[in-house]
Amino acid sequence: MNLLGHRLELSTPETAPDTRKTVRALAASIVTNPGRLDDIELMTGEGLANALLHGEGPIDVSVSVNADRVCVEIKNHARSNRPANRHRLDQDHGRGLSIIDALATSWRLERTDDETALRFEVDVD
């Protein structure tokens, strides 16, 4: 996968809407279907909301592509009082991971003591 643009950093909740729009604009360089772009923006928003709610510190966002897929990765620092474990869909307290599960071609959520990383991929067509 090739990184589109540069990595984005979200430092406050107020910048989340701009980050969602930037991810959408980057994805639009390869995705022409407006509905698919809506899905990418929605999933990005849900991922950012989870990172803001459950993490701390700056949130790093990257958008990568190959000929067939767009990949969005959202990383945040884990709160020091939460032990590491592997998230599963049924551990989601809100709707975010359920939405991502329904819309993404593939996705994964990994958590260590220091970091949480959400990665989702969407087929271009």
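# Exercises: helix packing and strand pairing

The axes of helix α1 (residues 16-27) and helix α2 come within 9 Å and cross at roughly 145°. The model is a predicted one.

**Exercise 1.** Work out which residues make the contact of α1 with α2, and how they divide into nonpolar, polar and charged.

*Solution.*
- Step 1. Take the handedness: the crossing of α1 and α2 is right-handed.
- Step 2. List the α1 side: Ala16, Thr19, Arg20, Lys21, Val23, Arg24 and Ala27.
- Step 3. List the α2 side: Pro34, Leu37, Asp38, Ile40, Glu41, Thr44, Gly45, Leu48 and Leu52.
- Step 4. Sort the residues of this contact by class: 8 are nonpolar, 3 polar and 5 charged.

**Exercise 2.** Describe how helix α2 (residues 34-54) packs with helix α3 (residues 96-103).

*Solution.*
- Step 1. Pick the two quantities: packed helices are described by the angle between their axes and the distance between the axes.
- Step 2. Read them off for α2 and α3: the angle is about 150°, and the axes lie 9 Å apart.
- Step 3. Classify the angle: over 145 degrees counts as roughly antiparallel, so α2 is roughly antiparallel to α3.
- Step 4. Add the handedness: the crossing of α2 and α3 is left-handed.
- Step 5. Name the residues. From α2 come Asp39, Leu42, Met43, Glu46, Gly47 and Asn50. From α3 come Gly96, Leu97, Ile99, Ile100 and Leu103.
- Step 6. Sort them: this contact of α2 with α3 has 6 nonpolar, 3 polar and 2 charged residues.

**Exercise 3.** Find the strands that pair with β6, and give the sense of each pairing.

*Solution.*
- Step 1. Start with strand β5 (residues 106-111): β5 pairs with strand β6 (residues 115-123) in the antiparallel sense, over 6 bridges.
- Step 2. Check the connection: β5 and β6 form a hairpin, with 3 residues between them.
- Step 3. Place partners across this pair. Glu110 stands opposite Ala117 in β6. Arg111 stands opposite Thr116 in β6.
- Step 4. Turn to β4: β4 and β6 also pair in the antiparallel sense, over 9 bridges.
- Step 5. Place a partner here too: Ile74 has Leu118 of β6 as its bridge partner.

**Exercise 4.** Which side chain meets that of Glu121 in a salt bridge, and how many residues apart are the two?

*Solution.*
- Step 1. Count the salt bridges: the whole structure holds 8.
- Step 2. Find the partner: the side chain of Glu121 meets that of Arg69, at 3.0 Å from N to O.
- Step 3. Test the distance: the cut-off for a salt bridge is 4 Å, and this pair is listed at 3.0 Å.
- Step 4. Locate both ends: Glu121 sits in strand β6 and Arg69 in strand β4 (residues 69-78).
- Step 5. Give the separation: the two are 52 residues apart, and the pair links distant parts of the chain.

Methods. Residues are numbered from 1 along each chain as its sequence is written. This is a predicted model: local features need pLDDT of at least 70, side-chain atom pairs count only at pLDDT 80 or more; totals for chains, interfaces and linings use all residues. Side-chain values use heavy atoms; hydrogens and water are left out. Axes are lines fitted to C-alpha atoms, for helices over the stretch in contact, and angles run from 0 to 180 degrees between N-to-C directions. Helices (H or I, at least four residues) and strands (E, at least two) are DSSP runs, numbered from the N terminus. Angles under 35 degrees count as roughly parallel, over 145 as roughly antiparallel, 65 to 115 as roughly perpendicular and the rest as oblique. A crossing is left-handed if the near helix is turned anticlockwise from the far one by less than a right angle, and right-handed if clockwise. Contact means heavy atoms within 4.5 Å. Ala, Val, Leu, Ile, Met, Phe, Trp, Tyr, Cys and Pro count as nonpolar, Asp, Glu, Lys and Arg as charged, and the others, Gly among them, as polar. Two strands pair if DSSP finds at least two bridges between them.
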